[in-house]
Amino acid sequence: VDFLKMDIEGAEQDVLTSAQDYLHLVKHLMVEFHPRIGQNLPDLVKFLQEQGFTVTVWKDGDEVKPKRARGLVLIEGTRS
């Protein structure tokens, strides 16, 4: 998979962790992260990094640190 885009209204973390066995096939991903109960942005970023992605988090066009991000953000992941 050259590019994976996700905008699934709050199920991002569940879907990505469930797809762990297949993420090695993804070269680049963009995930619109919707803050919901049961989702945690820093944990998701850490998970993606453990899967081999270099992760950048964007809020309103600016790069932000996952621990400081609030609300809807965009996660960009690139595999080296």
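Let me start with one pair of residues: lysine 5 has methionine 30 of S2 as its bridge partner. The names such as S2 refer to DSSP runs, numbered from the N terminus, with helices being H or I runs of at least four residues and strands E runs of at least two. Two strands pair if DSSP finds at least two bridges between them. S1 and S2 meet that with 3 bridges, in the parallel sense.

Before going on, a word on what we are looking at. This is a predicted model, where local features need pLDDT of at least 70, side-chain atom pairs count only at pLDDT 80 or more, and totals for chains, interfaces and linings use all residues. Residues are numbered from 1 along each chain as its sequence is written, and side-chain values use heavy atoms, with hydrogens and water left out.

How confident is the predictor here? The chain averages a pLDDT of 94, and 100% of the residues score at least 70; pLDDT is the predictor's confidence in each residue, from 0 to 100. Among the elements of the chain, S3 has the highest mean, 97, and H1 the lowest, 94.

Now the whole sheet. Its 5 strands form an open sheet in the order S1-S2-S5-S3-S4, and the pairing is mixed. S1 (4-6) and S4 (62-64) are the edge strands, each with a single partner, so each has one side without a neighbour in the sheet. From one strand to the next, the twist averages 25°. For angles, axes are lines fitted to C-alpha atoms, for helices over the stretch in contact, and the values run from 0 to 180 degrees between N-to-C directions.

Let's walk across the sheet. S2 (residues 28-33) and S5 (residues 73-79) run antiparallel and are joined by 6 bridges. Valine 31 is opposite isoleucine 75 of S5. Helix H2 (residues 41-50) packs on the sheet, where it touches S2, S3 (53-59) and S5, and its direction makes about 150° with that of S3. Touching, or contact, means heavy atoms within 4.5 Å.

On we go to S3 and S5, which pair in the antiparallel sense over 6 bridges. Phenylalanine 53 stands opposite arginine 79 in S5, and the side chains have something to show us as well. Arginine 79 lies over the face of phenylalanine 53, at 4.3 Å from the ring centre. The rule for a charge over a ring is NZ of Lys or CZ of Arg within 6 Å of the ring centre and within 35 degrees of the ring normal.

At the far end, S3 and S4 run antiparallel with 3 bridges between them, and tryptophan 58 has glutamate 63 of S4 as its bridge partner. This hairpin has 2 residues between the strands, and aspartate 60 takes a positive phi near 55° there. Why look twice at that? Because most residues other than glycine have a negative phi. Aspartate 60 is also exposed, with a relative accessible area of 71%. The cut-offs, with a 1.4 Å probe and protein chains only, are under 20% relative accessible area for buried, over 50% for exposed, and partly exposed in between.

Which other residue should we check for a positive phi? Glutamate 9 has one near 50°, and glutamate 9 is not a glycine either. You'll find glutamate 9 in the loop between S1 and helix H1 (12-18), partly exposed at 49% relative accessible area.

Glutamate 9 also has a visitor from another loop. Arginine 36, in the loop between S2 and H2, touches Glu9 and Gly10, leaving out residues up to four places away in sequence. Arginine 36 is partly exposed, at 42%.

Finally, is S2 enclosed or open? It is largely enclosed by the rest of the structure, because 5 of its 6 residues are buried. Histidine 28 is found in this strand and is buried at 18% relative accessible area. Neighbours within four places aside, histidine 28 is in contact with Asp2, Phe3, Leu4, Glu76, Gly77 and Thr78.

One last stop is glutamine 13, in helix H1. Glutamine 13 counts as buried, at 11% relative accessibility. Among the residues that glutamine 13 touches, beyond four places in sequence, are Phe33, Asp43 and Leu44. Thanks, everyone!
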